[in-house]
Amino acid sequence: METTVSASDPGSLVPAVTRAVAILDVLGEAEGRPLSVSEIARALGLPKSSTGNLCASLEAAGMITRNGTGFGLGRKLVELGGRYLSTVDQLRDFYELCRRSAHISRETARVAVLDGLDVLYLARYDGTQPLRLTANIGDRFPANCTATGKAILSTLDPAVAEDRLRGRTLPALSERSITSVPALLQDLAVSRERGYAIDDEEATAGVLCLSVPVTGFRTDSAPFAISVTVLKARLDDEFREALLKDLRAIAAGMENPMLPKGMSAGGG
């Protein structure tokens with residue numbers, strides 16, 4: 001357990017964060033045995049006073065807990081770990097369900113969560129005929145310009161959505177983007193009624209996205225949606241319904257992990 005941390009680590013932009021993580025590592029290596037501040041400081045080669053201050057901050061955040069005269073790992077780590085594992089498992093299901101779907105297996109599909117009034121993309125599936133000019137993992141887009149953003153916003157109580165949008169200036173990504181709050185609220189009402197949202201060239205000219213909201217994706221209450229993106233010129237009524245059928249089946253498979261994954265998401 002000799003993990004020495006330099007008091008001024010040149011490779012760390014935030015030494016306090018580096019030391020806090022090192023403390024968690026040391027407590028994890030102790031395998032449940034409480035460690036005193038002196039033991040932690042000695043293991044890391046840090047001053048006892050600063051180690052004590054870091055332990056107090058970590059304890060206040062629930063990351064570690066006091067056990068007698070020492071410290072052990074806290075329940076907050078279990079909570080965070082559970083959320084991380086849930087995300088990984090659900091994303092794996094997303095890719096598998098996309099691969100097995102009848103139509104989306106050939107297209108570009110994505111997973112997005114709401115962050116303020118933006119959507120953040122967590123996953124991207126590229127099928128056999130992927131569309132390259134679309135958002136990648138880690139990209140952030142205005143929710144009002146995207147199908148995923150509108151799908152997520154449509155799950156909110158109308159009064160909550162109106163309150164969240166009140167007084168906001170909505171950005172535009174194309175000349176078709178909805179930049180009026182009343183117009184967006186009307187679009188959300190339509191999306192809520194039909195069960196899916198549309199980005200009709202509102203982010204990129206010539207490109208259309210369909211999106212459905214998904215529940216049960218995370219252990220917290222973060223909204224979430226999946227989408228499929230196609231060239232608008234390819235989309236007729238029959239193709240639209242086929243893609244929506246696939247999206248709904250993928251959403252159902254992600255909401256209920258007990259559903260058999262071996263069945264085609266677009267079949268039957």
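This is a short walk through the model, one selection at a time.

**Before you click**

What you have open is a predicted model, where local features need pLDDT of at least 70, side-chain atom pairs count only at pLDDT 80 or more, and totals for chains, interfaces and linings use all residues. Residues are numbered from 1 along each chain as its sequence is written, and side-chain values use heavy atoms, with hydrogens and water left out.

**Stop 1: colour by confidence**

Start with pLDDT, the predictor's confidence in each residue, from 0 to 100. The protein averages 86, and 85% of the residues score at least 70. Now select residues 6–13, where the pLDDT is below 50. Beyond near neighbours in sequence, that stretch has five contacts in the model (a contact means heavy atoms within 4.5 Å). Then jump to residues 262–268, where pLDDT also stays under 50; here the model has 18 contacts beyond four places in sequence. Where pLDDT is low, the predicted coordinates should not be read in detail.

**Stop 2: the cysteines**

How many disulfides does a search of the whole structure find? Zero, with a disulfide taken as a pair of cysteine sulfur atoms within 2.5 Å. Select Cys 55 and you'll find it buried, at 0% relative accessibility. Cys 145 is buried too, with a relative accessible area of 0%. For these labels, buried means under 20% relative accessible area, exposed over 50%, and partly exposed in between (1.4 Å probe, protein chains only).

**Stop 3: strand β3 and its partners**

Helix and strand names come from DSSP runs (H or I of at least four residues for helices, E of at least two for strands), numbered from the N terminus. Select 108–115, which is strand β3. Seven of its eight residues are buried, so β3 is largely enclosed by the rest of the structure.

Add β4, residues 118–126: β3 and β4 pair in the antiparallel sense over eight bridges. Pairing here requires that DSSP finds at least two bridges between the strands. Zoom in on the turn of this hairpin, which has two residues between the strands; Gly 116 takes a positive phi near 70° there. Asp 115 stands opposite Asp 118 in β4, and Ala 112 has Tyr 121 as its bridge partner in β4.

Now add β8, residues 224–231, which pairs with β3 in the antiparallel sense over six bridges. Pick Ala 109 and look across to Val 228, its bridge partner in β8.

**Stop 4: out to β5**

Go back to β4 and add β5, with which β4 pairs in the antiparallel sense over three bridges. Leu 120 stands opposite Arg 140 in β5.

**Stop 5: rings**

Show the aromatic side chains. Rings of Phe, Tyr and Trp (its six-membered ring) pair if their centres lie within 6.5 Å; planes under 30 degrees apart count as stacked, over 60 as edge-to-face and the rest as tilted. By this rule the count comes to two aromatic pairs. In one, the rings of Phe 94 and Tyr 95 have their centres 5.4 Å apart and their planes at 65°, so the pair is edge-to-face. Phe 94 is buried at 1%, whereas Tyr 95 is partly exposed at 23%.

Tyr 121 and Phe 141 form an edge-to-face pair as well, 6.1 Å centre to centre with 75° between the planes. Tyr 121 lies in β4 and Phe 141 in β5 (residues 140–142), so this pair ties together parts that are 20 residues apart in sequence. Tyr 121 is buried at 4%, while Phe 141 is partly exposed at 24%.

One more ring to pick: Arg 194 lies over the face of Tyr 196, at 4.9 Å from the ring centre. The rule asks for NZ of Lys or CZ of Arg within 6 Å of the ring centre and within 35 degrees of the ring normal.

**Stop 6: Leu 97**

Select helix α4, residues 75–100, and find Leu 97 in it. Leu 97 is buried, at 4% relative accessibility. Draw a distance from its C-alpha to that of Ala 251, 154 residues apart along the chain: the separation is 9.1 Å.

**Stop 7: two glutamates with positive phi**

Glu 31 is not a glycine, yet its phi is positive, about 55°. You'll find Glu 31 in the loop between α1 (15–29) and α2 (37–44), exposed at 73%. Glu 201 also has a positive phi, of about 60°, and lies in the loop between β6 (197–200) and β7 (207–213). Is Glu 201 buried or exposed? Buried, at 17% relative accessibility.
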